[in-house]
Amino acid sequence: MANNLLAGKKGVIFGALDEQSIAWKVAEHCVEEGAQIVLTNAPVAMRFGKIQELADKLNAEVIPADATSEEDLENLFTKSMEIMGGKLDFALHSIGMSLNVRKNREYTDIKYDWMQKTFDISAISFHKMMQTLLKLDAVNDWGSILALTYIASQRVFPDYNEMAESKALLESFARSFGYHFGTLKNVRVNTISQSPTWTTAGSGVKGFKEFFDYADKMSPLGNASAEACADYCVAMFSDFTKMVTMQNLYHDGGFSNMGLNPAVLGM
Ligand SMILES: NC(=O)c1ccc[n+]([C@@H]2O[C@H](COP(=O)([O-])OP(=O)(O)OC[C@H]3O[C@@H](n4cnc5c(N)ncnc54)[C@H](O)[C@@H]3O)[C@@H](O)[C@H]2O)c1
């Protein structure tokens, strides 16, 4: 379904770990639509992920960067501009990791130094990414920056643990930085709030299968897939969404506006 929506555009995509990753699909769809991209992920993901496989397929370079390191981010964006021969038109933040979730700590028994690390990886990295892009003047006018989020930022989903606050912080950074990037550079910043999706990060949440099935039944259109999310990201990187900024955009088959769906009760 390629329409050349991103012809001539250059972008950096964070977070493709394996073929289930949402960022993996976004990278594929962006290239299908004519974009040139650089892929990045944490240095540790180079060892156990499959990012090089994706890079070979898409004829893209991979530049490792820990998204919590300003130095790594500066190197990433400087090199990306050199490789692609110009400033960026889009960037995707598709990064999430919670130490307390990973180590099965309950929300009422949080280890705070892990919580801070979680916020740094999952949310503050988005601010760091945008601040670095702005300081390097690395984004073209009418560029588009996106991060992926989840509705637990706004409503309580107990097993999502400290990731709920991470996502609330992430969405707030999109609004606040969206003001600055918009005013200074005409660059838009948004978050996409995606349905539960089977990925390494997603399936790490306790009770994910039940959670996934519940959301699927509750949503009139069912859960949105990673492929559909990739199409939405392409639309948000394209010139058809130039005036959309500082928004949290639900991509969830209608879940966020449901109160009760009889299907959940088997009716
Ligand atoms: N899967 C879901 O159900 C779901 C739903 C809504 C939103 N999201 C969000 O989508 C995004 C992508 O997650 P996913 O589901 O594709 O899972 P994923 O596990 O494939 O992706 C998470 C990525 O974060 C990367 N990462 C972790 N620490 C990093 C660091 N320090 N520096 C750079 N990268 C780092 C990982 O290497 C991995 O590639 C996340 O923000 C996630 O919260 C996921």
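**How many strands form the open sheet, and in what order do they run?** In this predicted model, seven strands build an open sheet, and the order to trace is E3-E2-E1-E4-E5-E6-E7. The pairing is parallel. In general, the strands of a sheet hold on to each other through backbone hydrogen bonds, in either a parallel or an antiparallel way.

**View 1. Here are the edges of the sheet, E3 and E7.** Look for strand E3 (61-62) and strand E7 (248-251). Each has a single partner strand, so one side of each is left without a neighbour in the sheet.

**View 2. Now zoom in on E1 and E4, a parallel pair.** Strand E1 covers residues 10-14, and strand E4 covers residues 88-93. Three bridges link the two. To get your bearings, find Gly 11 and then look across to Phe 90 in E4, which stands opposite.

**View 3. Next up is the ligand in its pocket.** The ligand sits in the largest pocket. There are 27 residues around the ligand, and those that come nearest are Ser 21, Asn 41, Lys 167, Thr 197 and Thr 199. What kinds of residues make up this shell? It's a mix of 13 nonpolar, twelve polar and two charged residues.

**View 4. This one shows where parts of the shell come from.** Strand E5 (139-149) and helix H8 (200-203) each chip in with at least two residues of the shell around the ligand. Which element gives the largest share? That's H8, with three residues.

**View 5. Last, check out the backbone contacts of the ligand with Gly 15, Ala 67 and Ile 95.** One oxygen atom of the ligand is 2.9 Å from a polar backbone atom of Gly 15. A nitrogen atom of the ligand is 2.9 Å from a polar backbone atom of Ala 67. At Ile 95, a polar backbone atom is 3.0 Å from an oxygen atom of the ligand. How much of the ligand does the protein bury? Taken alone, the ligand exposes 820 Å², and the protein buries 93% of that.

Technical notes. Residues are numbered from 1 along each chain as its sequence is written. This is a predicted model: local features need pLDDT of at least 70, side-chain atom pairs count only at pLDDT 80 or more; totals for chains, interfaces and linings use all residues. Side-chain values use heavy atoms; hydrogens and water are left out. A residue is near a molecule or strand if one of its heavy atoms lies within 4 Å of it. A polar contact is a pair of N or O atoms within 3.5 Å; within protein, one must be able to donate a hydrogen and the other to accept it, and residues adjacent in sequence count only if both atoms are side-chain atoms. Accessible areas come from the Shrake-Rupley method with a 1.4 Å probe; for residues, only the protein chains shown count as cover. On a 1 Å grid over the protein atoms alone, a cavity is a set of points where a 1.4 Å probe fits but cannot get out, and a pocket is an open set with protein on both sides within 12 Å along at least five of seven lines; lining residues have an atom within 4 Å of a point. A molecule sits in a cavity or pocket if more than half of its atoms lie within 2 Å of its grid points. Helices (H or I, at least four residues) and strands (E, at least two) are DSSP runs, numbered from the N terminus. Ala, Val, Leu, Ile, Met, Phe, Trp, Tyr, Cys and Pro count as nonpolar, Asp, Glu, Lys and Arg as charged, and the others, Gly among them, as polar. Two strands pair if DSSP finds at least two bridges between them.
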